Structure formats: C-alpha cells, structure tokens
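Trainee: I have a chain with a ligand to look at today. Could we go through it together?

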Amino acid sequence: MENRTQPQYDVVIVGGGPAGLSAALMLGRSRRRVLVVDEGRPRNRFAGHMHGVLGRDHTSPLELLAEGRRELGRYDGVEVRDGAVVRATRKADADADAEATGFLVELDDGTTVTTRRLLVTSGLRDELPEVPGLAELWGRGVFVCPYCDGWEVRDRRIAVLAGEQPNPHQAQLMRQLSDDVVFLTGGRPIDDATRSGLLARGIRIEERPLARVETDAEGELAALELADGETIPVDALLVAPVPAPLDGLLRALGAAHAEHPMGGSFVVVDAMGRTDVPGLWAAGNVTDPRSSVPFAMAGGNFTGAAMNATLVEEEIAAAIAAAADAS
Ligand SMILES: Cc1cc2nc3c(=O)[nH]c(=O)nc-3n(C[C@H](O)[C@H](O)[C@H](O)COP(=O)(O)OP(=O)(O)OC[C@H]3O[C@@H](n4cnc5c(N)ncnc54)[C@H](O)[C@@H]3O)c2cc1C
C-alpha cells in the first residue's frame, strides 16, 4: 500500500533531452530521488552533428545524451527509464484527502509512480511546410537554424523558404555566410522595407511557389522545383517550421499558456521554471521554441536547482512543525 506521506520520488522528469538530464544532474547532486522517463526522440535526432555547443561542437547530439546518462550513473538517487509518461494527475485531484500533495504519474508500461514534484522537459515537434520531398531531408540539407547548420554550407547555394511567421532574417543571417542566397516568398506578401533590405544585400527574391524538393542519386538535396517546372539548384534550404510544444501533460494539469512571439502557444513559466500549478515545473523547448541545446541545458540546470530549493523549504517547514509537535 502506498505511503501518502512518502512519495516514491522527489521529482519525476518527463523527457531525457538536454533540459531533463541537466535538471536530473542538479537534483541527483542534491541527493534527491529522481526518475527520468524518456521516449528517446530528442528534437535534433535528425541531425548528424550539433553546433554552437561549447566543448561539443560538431559532435553527435545523441552521443551528448548518452554521455549525460552515463554521468548520471554516479548519483544513486537518479533512475533513468526508457518509456513514456502517458498521464499525470495531481494527488489533490485524484484523492479526496485534502492533505494530499504531489502527483501520480502513469507510464506506458502500466506502472504508476508518486512524486512530490513534476518537471516536464518534453520538447517540441517541428511542423514542417508541406512540400513534397522536404520532410525526408529534415536535418540533412533542410534546416531551421543558421547558427546550428549555417557554417557547414558557407559559400554554397542557399535558399530560404518563407514561413507562417516572417523569416527574412534567416536569409539575412545566411547572407553572412554565402553570397548566393535566394528568398522564396511562397506567395506570402513581403513589405517594401523587407524587400529592399534583401535586395540591398544581394539576396534574390523568388515569388513563384515551391512545388517540390529534389534529391540527387545519393539522396542528398539537389534542387528546388518551382510551380512552373523550373528548377533552382541549391545546397541547403532553410525553413521556418511551426513549433508545436509536446505539452499535453501540462495542458491536462491546467497549466496556463500564452502565445509566443515566434508562433505557437507555450506554457507560462517564471524565471525559475515554475508553472502556475503548484509543484509543476517545465524547462527547455517545451517552454520556448528558441531553446538551443545550451539554452535547454541552462534551463534544466537552473530549474533543477530551484526545485531542490523549494523541496528544502518544504522540509524546513516540516522540521519546524515536527519540533513544535515534539515539545
Ligand atoms: C534539425 C535540428 C537541428 C538542430 N541543431 C542544433 C544544434 O546544432 N545546436 C543546438 O544548440 N540546437 C540544435 N537544435 C535544437 C535542439 O534540438 C533543441 O534545442 C534541444 O533538443 C532542446 O532540448 P530539450 O531537452 O528541451 O528537448 P528535446 O531534446 O527534444 O528532448 C525532449 C525529450 O523528451 C521526450 N519526451 C517527450 N514526451 C515524452 C513523454 N510523454 N514521456 C517521456 N519522454 C517524452 C522526447 O522523446 C525527447 O527525448 C536543432 C534542432 C533541429 C530540429
């Protein structure tokens, strides 16, 4: 029978990407009992190498996570399980006991665990433009971030496809790396200031819609076919996917959301990573589409430490109450 006053874990972390594993590291180093549950589908799994990550530039993103898991092995309070969290319920909602705190967390293997705090670091899904041939090249020829993949295609032929959110800045950032850049408006309107800014720096503007992305015999990006059948040879295509946070658990628990300026509706967290639902925290890409690997690691690091601090506060209050009872 479950002991209500002693949940199995201090913190359950949903997601073992850079944010989740960094939080686990801070909590493990504070002797917290931590369970990380990870489906193993990090956002950058499509990329052979990650960049802009100091000390790890041009290395495999999956190797970073494997190394992170190995490092967590030093901390006996931390457990990492492969699997998915399918449901989380506040104990106060699931249990008539008004004193109940914390969460019940259900895993896809049918087990339910109890925890004092819940941290969601489940990341986001990139909803790609629906152009035939584009999705197959995601992360290898088709990119989102000039800082992540731009250097590798410097001096090459670059195309930037306009997205739902205005993204001519992607073309301007890529112009820093190549003098052969074309901005495809995809039929979207483009204001005069933007147009003159692009043309002034030698960025071509292509108004004809993109019909198809073509590959060469090796399956690598080769050209873009326009609606009238003409093709433009390119070496890289930058797109602006719609960011769709994997936040079903946060929404089901009633956490407040707000529109993000870069598109999409994201959970609202304070500077520490706390949502407006007591005991529920979030970090990384599930909170902010701009979160890079270092940004996600920093968020997880800080949120892990802040969660530990609130657990300590709770323990101070409990110790004072116990001392008062004893006297
Ligand atoms: C193609 C591409 C290339 C990129 N290249 C770079 C780069 O070079 N440098 C850089 O800094 N950034 C890069 N990024 C961005 C980088 O991927 C993200 O910043 C980073 O992955 C965010 O970390 P995170 O921990 O928030 O989420 P993620 O890394 O996405 O990790 C979330 C984890 O949670 C798991 N999960 C989700 N739901 C559940 C659930 N219910 N139960 C259990 N587990 C769950 C997922 O499977 C995943 O393993 C790139 C992104 C893309 C798309």
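Trainee: Which residue has a backbone N or O atom 2.8 Å from an oxygen atom of the ligand?

Mentor: Happy to help, and do keep in mind that this is a predicted model. Backbone atoms of several residues approach ligand oxygens: for Pro18 the distance is 3.3 Å, and for Ala19 it is 3.0 Å. The 2.8 Å distance belongs to a backbone N or O atom of Val293.

Trainee: How much of the ligand's area does the protein bury?

Mentor: Start with the ligand taken alone, which exposes 1,000 Å². Of that area, the protein buries 96%.

Trainee: Which element gives the largest share of the shell around the ligand?

Mentor: Helix H1 (18-28), strand S2 (34-38) and helix H8 (293-326) each supply at least two residues of that shell. The largest share is three residues, and they come from H8.

Trainee: Which domains each give at least three residues to the shell around the ligand?

Mentor: The domain assignment splits the chain into domain 1 (9-125 + 242-326) and domain 2 (129-238). Their centres, taken over C-alpha atoms, are 35 Å apart. The shell draws at least three residues from each of domain 1 and domain 2.

Trainee: Which three residues supply 60% of the area that domain 1 buries against domain 2?

Mentor: Nine residues of domain 1 are in contact with nine of domain 2. Between them the two domains bury about 650 Å², with 52% of it on carbon and sulfur atoms. On the domain 1 side, the 60% comes from Phe46, His51 and Val242.

Notes:
Residues numbered from 1 in each chain as written. Predicted model: local features only at pLDDT ≥ 70, side-chain atom pairs only at ≥ 80, totals over all residues. Heavy atoms only, no water. Polar contact = N/O pair within 3.5 Å; in protein donor to acceptor, adjacent residues only side chain to side chain. Areas by Shrake-Rupley, 256 points an atom, 1.4 Å probe, with all protein chains shown as cover. Helix = DSSP H or I, 4+ residues; strand = E, 2+ residues; numbered from the N terminus. Domains from an automatic or database assignment. Contact = heavy atoms within 4.5 Å. Buried area = accessible area lost by both parts, 1.4 Å probe.
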